[in-house]
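Student: I have a model open and would like to talk through how its helices and core fit together. Could we take it step by step?

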Amino acid sequence: MALIVQKYGGTSMGSVERIEHVANKVASWRARGHQIVVVVSAMSGETDRLLKLAKSIDPRGSEREFDQIAATGEQVTIGLLALALIKAGVPAKSYTGWQVALRTDSAHMKARIASIDSERLLADLAAGIVPVVAGFQGIDETGAVTTLGRGGSDTTGVALAAALKADECQIYTDVDGVYTTDPRVEPKARRLDKITFEEMLEMASLGSKVLQIRSVEFAGKYKVPLRVVSTFVDGPGTLITLEEDSPGGNVEDALISGIAFNRDEAQLTIAGVPDRPGIAAAILGPVGDANIEVDMIVQNVGADGSTDFTFTVHKNDYERASDVVKALAVELGAKGVRTATDIVKVSLVGVGMRSHAGIASKMFKALAVEGINIKMISTSEIKISVVIEDKYLELAVRTLHRAFELDQAKS
């Protein structure tokens with residue numbers, strides 16, 4: 001008998017029929033003797049609908065109230081799934097995040113988990129009850145409802161698995177695993193049997209929508225066995241594992257594991273600021289104080305003693321970042337501000353990069369042959385990212401997928 005945490009996404013919970021299908025899957029696992037805790041998302045599109053409704057009143061309104069509204073989506077699905085389980089003969093109880101006492105900090109709309117009180121869930125499991133927990137949400141020290149950011153139900157699932165010391169965390173979604181890239185962009189994309197936590201962390205941070213980055217961080221930190229599987233198609237899915245646990249131990253055979261991309265990038269440049277010590281801190285300090293996360297950074301030094309400072313942010317933060325930068329430009333005596341929202345980031349990811357030279361040159365040459373200009377470059381030990389014009393996204397992904405032979409399984 002194993003203790004398994006199963007998380008079902010918005011597509012899996014998209015209708016009463018699908019919720020009943022999920023209930024049957026949970027009942028099947030329980031019938032095999034396993035203890036099951038279920039974490040669910042809101043119905044597909046429901047969180048967007050709720051936030052659109054809230055922002056129709058005030059686009060820049062109280063984030064505390066946005067969280068209060070957005071969290072109601074999961075409250076509906078936990079109740080519906082609990083009803084479906086009870087109807088199927090499975091004792092079940094639904095819980096919101098605050099009822100479980102999943103405590104977070106107070107960073108509304110992107111809160112981080114501080115602690116989880118697992119006592120109530122363990123008592124239910126001991127009594128043969130299936131707890132159905134609302135993903136994406138928690139409660140801060142003031143008693144306010146918080147949400148964990150997009151894809152936060154994944155994080156809830158992995159965090160619960162860690163707190164409960166579960167044998168496995170299964171992420172059920174509308175895809176049957178992690179692919180070399182998005183099959184909607186490259187039809188030849190291939191499902192990976194396994195991928196390391198480190199690679200998955202990079203893929204998630206670089207735009208892959210399969211898992212939220214913090215869920216992968218939790219899984220890697222607490223060594224939670226994590227598997228991405230389909231709600232609708234039976235199959236092994238993709239196992240996310242530690243590098244040293246990789247079967248055969250020869251992960252370097254796979255030079256590149258995948259291509260990630262992110263359409264949600266915006267670029268800002270402060271042109272002609274003084275080239276002096278501390279200028280980067282003078283720019284990024286106020287941006288950070290505004291709770292805006294910066295992604296890629298490039299600083300170009302001119303011959304006239306000035307520098308152009310360019311960085312990217314998430315498009316959701318673009319307007320606020322633009323306001324901050326324009327104010328800074330005046331304060332620092334800059335020559336001007338340039339912005340762009342018609343950009344994307346495309347990234348190669350693979351632990352094999354550690355022991356193979358020439359990956360970057362091969363990537364740049366493949367893009368150059370197709371006439372794709374690179375605006376920014378960022379590298380780490382196992383990834384290379386470039387910013388390009390958004391109109392070249394699909395061409396770039398397909399070109400790189402072909403250049404690195406990702407459609408061919410490595411033996």
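**Helices and cores**

Tutor: Happily! Keep in mind that this is a predicted model. To start, the buried residues of α1 are Ile19, Val22, Ala23, Lys25, Val26, Ala27 and Trp29.

Student: Which elements do the buried residues of α1 pack against?

Tutor: Contact here means heavy atoms within 4.5 Å. By that criterion, the partners include one helix, α4 (72-87). The strands among them are β1 (3-8), β2 (35-40), β6 (130-134), β9 (168-173) and β11 (226-230).

Student: How far apart are the end C-alpha atoms of α1?

Tutor: Helix α1 covers residues 16-31, which makes 16 residues. At 1.5 Å a residue, the expected span is 22 Å. The model agrees with that, since its end C-alpha atoms are 22 Å apart.

Student: Which helix gives the largest share of the largest nonpolar core?

Tutor: That core has 42 residues, and Val5, Cys169, Met200, Leu211, Leu226 and Ile240 have the most contacts inside it. The largest share is six residues, and they come from helix α7 (residues 152-164).

Student: On which side or sides of α10 do its buried residues lie?

Tutor: The buried residues of α10 are Ile279, Ile283 and Val287. An α-helix has 3.6 residues a turn, so residues three or four places apart point the same way. Fittingly, Ile279, Ile283 and Val287 cover an arc of only 50° around the axis, which puts them on the same side of α10.

Student: And which exposed residues does the face turned away from that buried side carry?

Tutor: Exposed means over 50% relative accessible area. On the face of α10 turned away from its buried side, the exposed residues are Ala281 and Asp289.

Note on methods: Residues are numbered from 1 along each chain as its sequence is written. This is a predicted model: local features need pLDDT of at least 70, side-chain atom pairs count only at pLDDT 80 or more; totals for chains, interfaces and linings use all residues. Side-chain values use heavy atoms; hydrogens and water are left out. Helices (H or I, at least four residues) and strands (E, at least two) are DSSP runs, numbered from the N terminus. The expected span of a helix is 1.5 Å times one less than its number of residues. Buried means under 20% relative accessible area, exposed over 50%, partly exposed in between (1.4 Å probe, protein chains only). A nonpolar core is a set of buried Ala, Val, Leu, Ile, Met, Phe, Trp, Tyr and Cys residues joined through side-chain atoms within 4.5 Å. The arc is that of the directions from the helix axis to the C-beta atoms.
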